[in-house]
Amino acid sequence: MKKWILGVIIAAMIGWAAYDFLSPAEEIAQETTIDVSQEENQSATESVPAETTGLAVGDIAPDFELATMDGETIRLSELRGQRVFVNFWATWCPPCRAEMPDMQQLYEEQDIPFEILAVNLTESEQNEQNIASFVEDFNLSFPILLDMDSTIAEKYQVKAVPASYMIDTEGRIAFVAPGAMHYDMMAQEIKKMN
């Protein structure tokens with residue numbers, strides 16, 4: 001029976017991945033027009049390009065604010081100056097269950113200071129008690145953020161979980177992992193960041 005359920009889950013994940021791969025990606029483009037006379041009047045210091053917020057490596061990570069399970073509010077931009085590992089996950093996700101112990105081990109061993117923000121797709125959960133049980137079962141000590149209506153997951157274009165973003169001390173995305181990571185990979189990407 002367990003093999004059958006696992007087979008259905010794996011088939012669904014493969015089907016979703018194929019659908020996601022073959023579907024045309026939505027592109028968001030912003031056009032900026034500058035009046036030629038304005039451009040001529042700008043000084044050299046005013047012509048410094050604005051920082052790009054986006055989801056590509058090198059972009060400033062989109063800011064967000066979410067409540068933790070303890071009711072504390074965390075804003076990503078307030079962590080500027082620290083390395084941040086943002087992980088989108090759910091309790092029903094087998095790869096999420098597989099990578100959480102590695103995340104906790106890395107968090108406990110921190111030879112390079114960083115913060116983990118584990119963003120739970122709360123809307124997809126049966127109930128919040130499942131989240132609390134999951135956190136207790138895995139002895140997780142990093143912040144668990146509740147994305148109650150999947151607004152942040154949509155902002156980060158999360159199509160499958162787990163999905164992770166490594167954000168450097170300047171708030172820029174240094175690495176994106178659309179899938180589960182293991183301990184060595186996590187540690188290596190954190191060490192690469194400034």
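## Questions on a predicted fold

Student: Which residues are exposed on the side of α4 that lies opposite its buried residues?

Tutor: The model is predicted. To count as exposed, a residue needs over 50% relative accessible area. On that other side of α4, the exposed residues are Q129, E136 and D137.

Student: And which residues of α4 are buried?

Tutor: Buried means under 20% relative accessible area. The helix spans 128-137. Its buried residues are I131, F134 and V135.

Student: Why do those three count as being on the same side of α4?

Tutor: Look down the helix axis at the directions to the C-beta atoms. The buried residues lie on the same side because they cover an arc around the axis of only 95°.

Student: What covers the buried residues of α4?

Tutor: The cover includes both strands and a helix. The helix is α3, residues 94-109. The strands include β4, at 114-120. Together, the elements named as cover include β3, α3, β4 and β5.

Student: Which residue caps the N-terminal end of α4?

Tutor: Look for a side-chain oxygen facing a backbone nitrogen. The nitrogen belongs to Q129, and the separation is 3.0 Å. The capping residue is N127.

Student: Which residue takes a positive phi just after α4?

Tutor: Most residues other than glycine have a negative phi. The residue in question has a phi of about 50° and is not a glycine. It sits in the loop between α4 and β5 (144-146). It is N139.

Student: Is N139 buried or exposed?

Tutor: The cut-off for exposed is over 50%. N139 has 58% relative accessibility, so N139 counts as exposed.

Student: S150 also has a positive phi; is S150 buried or exposed?

Tutor: The phi of S150 is about 65°, and S150 is not a glycine. S150 lies in the loop between β5 and α5. Its relative accessible area is 10%, so S150 is buried.

Student: Which peptide bond is cis, with omega near 0°?

Tutor: Most peptide bonds are trans. The cis bond leads into P162, a residue of the loop between α5 (151-155) and β6 (163-167). The cis bond runs from V161 to P162.

Student: P162 touches N87; where does N87 sit?

Tutor: N87 also touches M100, M103 and L117, among others. Its strand covers residues 83-89. That strand is β3.

Student: Is N87 buried or exposed?

Tutor: Anything under 20% counts as buried. N87 has 0% relative accessibility, so N87 is buried.

Student: Which side chain makes a polar contact with that of N87?

Tutor: The contact is 2.8 Å. The cut-off for such a pair is 3.5 Å. The partner of N87 is E99.

Student: Which residues touch the most other members of the largest nonpolar core?

Tutor: The core holds 50 residues. One of the answers is V86, which contacts L76, L117, V119 and I167, among others. The full set is F64, V86, F88 and Y156.

Student: Which residues are linked into a cluster by ring pairs?

Tutor: By the centre-to-centre rule, there are eight aromatic pairs. Two members of the cluster, F64 and Y165, are also in contact with V86. The cluster consists of F64, F88, Y156 and Y165.

Student: F134 and F138 also form a pair; what is the angle between their planes?

Tutor: The ring centres lie 4.5 Å apart. F134 is buried, at 3% relative accessible area. The pair is tilted, so the angle falls outside both the stacked range, under 30 degrees, and the edge-to-face range, over 60. The angle between the planes is 35°.

Student: Is E189, in helix α6, buried or exposed?

Tutor: Helix α6 covers residues 183-192. Beyond four places in sequence, E189 touches M166 and F175. The relative accessible area of E189 is 8%, so E189 is buried.

Student: How many helices and strands does the protein have?

Tutor: The order from the N terminus is α-α-β-β-β-α-β-α-β-α-β-β-α. The total comes to six helices and seven strands.

Student: What share of the contacts between residues at least 6 apart joins residues at least 24 apart?

Tutor: The protein has 194 residues, and 38% of them count as buried. A contact needs heavy atoms within 4.5 Å. Among contacts at least 6 apart in sequence, the share is 72%.

How values were computed: Residues numbered from 1 in each chain as written. Predicted model: local features only at pLDDT ≥ 70, side-chain atom pairs only at ≥ 80, totals over all residues. Heavy atoms only, no water. Core = buried A, V, L, I, M, F, W, Y, C linked by side-chain atoms within 4.5 Å. Buried < 20%, exposed > 50% of the residue type's maximum accessible area, 1.4 Å probe, protein only. Phe/Tyr/Trp six-rings, centres within 6.5 Å; stacked < 30°, edge-to-face > 60°. Helix = DSSP H or I, 4+ residues; strand = E, 2+ residues; numbered from the N terminus. Polar contact = N/O pair within 3.5 Å; in protein donor to acceptor, adjacent residues only side chain to side chain.
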